[in-house]
Amino acid sequence: MSQNPCIVITEVTKIFKTGFLKNKIAVDSLSLEVAPGEVVGLLGPNGSGKSTTMKMILGFLKPTRGEILICGESTENQKARTFIGYLPENPRFQKFLSGRDILSYYGKLLGLVGNELIKKIEFLLDLVNLKHAANERVQGYSKGMSQRLAIAQALLNNPALLIFDEPMSGLDPLGRMEVRNIISTIHTENPATTIFFSSHVLEDVETLCKSVALLQKGKLKTYGSIESIVSSVEPKYDIVIQNLPEDLESQLFFDCPSRQLAIGKSFSVTGPEHLSRVLSKIVSSPAKILGINSQRKNLEESLFKANDNTQSLETSL
């Protein structure tokens, strides 16, 4: 596969008519490039433009302005869709058919026949751990089983791009873990396949993704690797001190307003420079440092900091 970007979004705007002479800008001048083999999480509060962006990538909606290319093909061309495997948030199947029947039906629509189709179905049933239920009617499937069947269906055409809309939505912890493991396996076994998905659960995004894109009010606020986003926020350090003189404690209070009693006195500071300044005061005193622990920021905390967001992202997504 070419090393050209798998997804190229260039100055895309989507405007919906909401009434007489009234419009709503759902996506506003969005530009984004996703390289082959990337696993990218799309984040944002409700109404931020996530669903609209995904629908435009899939070709379900046409941008008002701008262009979207999938593997070099415009989403306005039918060929672009041949590169995509899609998992909707709430997949629906014919309930009277078995899981195997479902995959056979969609495989034939894609032009697979004979031994090629049989081998593909067996491989995918094994991948998503559904061999034991392959001949059962879908109406008896749990939410997690239906989700895994939908992932198998999305993989039938060996897509260059997988688009998953809330793949872990509504699943119990075990179901989430199973789907997460499947996505991880897909990425490991098919490193050239690009995976682009949205999720309300930041823990899943942080576990699976290399990069994240954050939308707010239709605009791209943050796009980059999780490592760079997290490392851009200064780390926090907890210092535990023994035999701290009262006069020094009062001085440190201004540098470390967040403190509590632990084995000795426990102070928290943010950033290496702040830590160095506090340590220089302690070292020249009778106090004894019992420990220094660095607290790594997680993705949610880092996104708050980067976007000056005081609302919980995970509860507002």
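Start by selecting Asp 204 and Arg 176: in this predicted model, the two form a salt bridge, with their closest N and O atoms 3.1 Å apart. Now colour the helices they sit in. Asp 204 belongs to helix α7 (residues 202-208) and Arg 176 to helix α6, so this pair ties together parts of the chain that are 28 residues apart in sequence. Switch on a surface and look for the two of them: Asp 204 and Arg 176 are both buried.

Keep Asp 204 selected and add Arg 180. Here's another salt bridge, this time with 2.6 Å between the closest N and O atoms. Arg 180 is in helix α6 while Asp 204 is in helix α7, and the pair links parts of the chain 24 residues apart. How buried are these two? Asp 204 has a relative accessible area of 0%, and Arg 180 has 17%. Since buried means under 20%, Arg 180 counts as buried too.

Next, add Glu 203 to what you have on screen. Arg 176, Arg 180, Glu 203 and Asp 204 are linked in a network of salt bridges. If you feel like hunting for others, a search of the whole structure finds 9 salt bridges.

Let's move to one elsewhere. Select Glu 122 and Arg 100, whose side chains meet in a salt bridge at 2.2 Å, N to O. Glu 122 sits in helix α4 and Arg 100 in helix α3, 22 residues apart, so to speak a link between distant parts of the chain. Try the surface again: Glu 122 is partly exposed, at 27% relative accessibility, and Arg 100 is partly exposed as well, at 25%.

Glu 122 brings us to helix α4, so select residues 114-127. These 14 residues reach 20 Å from the first C-alpha to the last, close to the 20 Å expected at 1.5 Å a residue. Which residues of α4 are buried? Show Leu 117, Lys 120, Ile 121, Leu 124, Leu 125 and Leu 127. They're on the same side of α4, because they cover an arc of only 155 degrees around the axis.

What covers these buried residues? Bring up α3 (99-109), α5 (143-154) and α6 (173-189), which are among the parts that do. Then spin the view to the face of α4 turned away from its buried side, where you'll find the exposed residues Asn 115, Lys 119 and Asp 126.

For a last stop, go past the end of α4 to Asn 129, which follows the helix and has a positive phi, near 60 degrees.

Notes: Residues numbered from 1 in each chain as written. Predicted model: local features only at pLDDT ≥ 70, side-chain atom pairs only at ≥ 80, totals over all residues. Heavy atoms only, no water. Helix = DSSP H or I, 4+ residues; strand = E, 2+ residues; numbered from the N terminus. Expected span 1.5 Å × (residues − 1). Buried < 20%, exposed > 50% of the residue type's maximum accessible area, 1.4 Å probe, protein only. Arc of directions from axis to C-beta. Contact = heavy atoms within 4.5 Å. Salt bridge = Lys/Arg side-chain N within 4 Å of Asp/Glu carboxyl O.
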